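Please open the structure in your viewer and keep the sequence panel visible. The tour below proceeds from one selection to the next.

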Amino acid sequence: MDAIRIYGGNCLEGQTTVQGSKNASLPILAATLLINGVCEIENCPDISDVYHMQRLLTSLGCRVERKGTCVCVNTCCLSMCDMPADSVCVMRSSIMLLGALLARTGRVCMEYPGGCVIGARPIDLHLKSLRKMGVVIEEKETEFCAETSRLKGAAIKLPFVSVGVTENLILAAVLAEGVTVIEPAAREPEIQALCGFLQEAGAQIEGSGTGRLVIHGVKALKPVKYRVPADRIVAGTYLCACMCAGGRIFLKDAPVCHMESILSHAVRMGAAVTCEPDGILVDGRDHESTCNRLTTGCYPMFPTDMQSPAMAVMAASGRKGCIEETVFENRFRIVGELNKMGANIMVRGNTAYVNGSGRLCGAIVQAQELRGGAALVIAALSAEGTSIVTNRHYIDRGYEDIVLNLRRLGADVELA
Ligand code: UD1
């Protein structure tokens, strides 16, 4: 029961509501540790990564309760417990807890975090930057211990933009002594959401959404209620599903203002999109494609998390295309699987060349990471015959009820 069976060929029709953002909920849940009291985080997606974050918070002594889409975190009883290794290892975002816990308790020991296998994904920059803020870190073979008597603000120059490092430093800086400057800071909408949450709680952060963040440490933060924005990557994935399968769908609550690059590429690749106040109308039927090339990059460029779904669209279209990946060095893991479905994709260095092929055909393929797994499912929607995508648990890390949602849109898919 860890697979999805897809009978290809159905067009998509109807409406789906876009879930809350995974990459915004995770650091916001970690940020609740900075606040003594009860925070209510609304629109938290019911996905396994959020479940693991809830478990980690519980293991630290927090009382965590989900009521519908709202996750309430009561941090009053926070104690310095060990975190369950399985949750730390399964999810890279467990590293977020480092900055927040150091701010709250001054000492953390944890295993090295895991997550999707999409490149080396080291944590060297996290550790180096925190050392600049007065943290002493001892690195052992499978775990590390970090300790500080008081976090101190610092001017931190990063060698390149990192989403996770920016988030960790924000979490460490909001209660630190003095001023922290982070440059270049990541500008992703999820960082803006984290800053929004912390600002409502009383944090002093300037420059949210820009490449330079200035954070003035404050003495304490107050409990707040905050709504997580909709997930631009999930919205983009359903958009790509409609481009693969054909049809017309409405992506209710899709965060239009944060999807400019995704939408402009979709239009160039042959979709028609209409932005409305409450979402996006997608017509995935064959329109003329003017450009089948894309390069991933930091926000506001085309997101690396959308690279695999976009590759599925290129492969399903039968046209030639080309994708340059500049963020993660090992993010072409679906190429072999798409080729099993009849695609003709070749990788040279950090570029994948999608050579035109006929219609994709059903096959048994293996999800090897979150976004790649979802991309295989949507590619299979366009294929002739039946496909099975194994390792569904990777997809469950980030997509709420993907099978149910696709079924409601008219796809012939089921759990297998
Ligand atoms: C986050 C997102 C992920 C997205 C990625 C890039 C979450 C939970 N995950 O991941 O979905 O694909 O941003 O938008 O929000 N690096 C180092 N050393 C470090 C840290 C990072 O070399 O200490 C490298 C990474 O290997 C990678 C690059 O920096 O090549 C960018 O990674 P980063 O932006 O940190 O990604 P994540 O925060 O892991």
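**Cysteines, paired and unpaired**

Select cysteine 361: its sulfur lies 14 Å from the closest cysteine sulfur, that of cysteine 244, which is too far for a bond. The model is a predicted one, in which local features need pLDDT of at least 70 and side-chain atom pairs count only at pLDDT 80 or more, while totals for chains, interfaces and linings use all residues. Residues are numbered from 1 along each chain as its sequence is written, and side-chain values use heavy atoms, with hydrogens and water left out.

Cysteine 361 is partly exposed, with a relative accessible area of 35%. Here, buried means under 20% relative accessible area, exposed means over 50%, and partly exposed lies in between, with a 1.4 Å probe and protein chains only.

Next, select cysteine 62. Its sulfur is 8.5 Å from the closest cysteine sulfur, in cysteine 77, again too far for a bond. Cysteine 62 is buried, at 3% relative accessibility.

How many disulfides does a search of the whole structure find? The search finds 1 disulfide, the term being used for a pair of cysteine sulfur atoms within 2.5 Å. To see it, select cysteine 109 and cysteine 145, whose sulfur atoms are 2.1 Å apart. The link between cysteine 109 and cysteine 145 is right-handed, with 110 degrees about the S-S bond. It connects distant parts of the chain: cysteine 109 belongs to strand S6 (residues 107–111) and cysteine 145 to strand S8 (residues 143–147), 36 residues apart. Helices (H or I, at least four residues) and strands (E, at least two) are DSSP runs, numbered from the N terminus. Cysteine 109 is partly exposed at 24% relative accessibility, whereas cysteine 145 is buried, with a relative accessible area of 8%.

**Helix H5 and its cover**

Now select residues 124–132, which make up helix H5. Its buried residues are Leu125, His126, Leu127, Ser129 and Leu130. An α-helix has 3.6 residues a turn, so residues three or four places apart point the same way. Display the surroundings as well: what covers the buried residues of H5 includes helix H4 (96–105), strand S7 (136–139), S8, strand S9 (155–157) and helix H6 (163–173). Just after H5, select glycine 134, which takes a positive phi of about 90 degrees.

**A hairpin**

Select strand S4 (residues 63–67) and strand S5 (residues 70–74), which run antiparallel and are joined by 5 bridges. Two strands pair if DSSP finds at least two bridges between them. Valine 64 stands opposite valine 73 in S5. The hairpin of S4 and S5 has 2 residues between the strands, and glycine 68 in this hairpin takes a positive phi near 65 degrees.

**Two open sheets**

Strands of a sheet pair through backbone hydrogen bonds, either parallel or antiparallel.

Begin with the open sheet of 4 strands in the order S21-S22-S1-S23, whose pairing is mixed. Strand S21 (364–366) and strand S23 (412–415) are its edge strands, each pairing on one side only. S21 and strand S22 (residues 386–390) pair in the parallel sense over 3 bridges. Select glutamine 366 to find its bridge partner in S22, threonine 390.

Then turn to the open sheet of 4 strands with the order S2-S14-S16-S15, also with mixed pairing. Its edge strands, each pairing on one side only, are strand S2 (12–17) and strand S15 (272–276). S15 runs antiparallel to strand S16 (residues 279–283), and 5 bridges join them. In S16, isoleucine 280 is the bridge partner of cysteine 275.

**Two arginines**

Select arginine 248, which lies in strand S14 (residues 247–252). Arginine 248 is partly exposed, with a relative accessible area of 39%. Glycine 284 is 36 residues away from arginine 248 in sequence, but the two are 6.1 Å apart in space, C-alpha to C-alpha.

Finally, select arginine 371 in helix H12 (residues 370–382). Which side chain of opposite charge is nearest to arginine 371? The nearest is aspartate 305, 4.2 Å away; arginine 371 is buried yet has no salt bridge. A salt bridge requires a side-chain nitrogen of Lys or Arg within 4 Å of a carboxyl oxygen of Asp or Glu. For charge, Lys and Arg count as positive and Asp and Glu as negative, while His and the chain ends are not counted. Not counting residues up to four places away in sequence, arginine 371 touches residues including Lys22, Ile233, Asp305 and Tyr399, where contact means heavy atoms within 4.5 Å.
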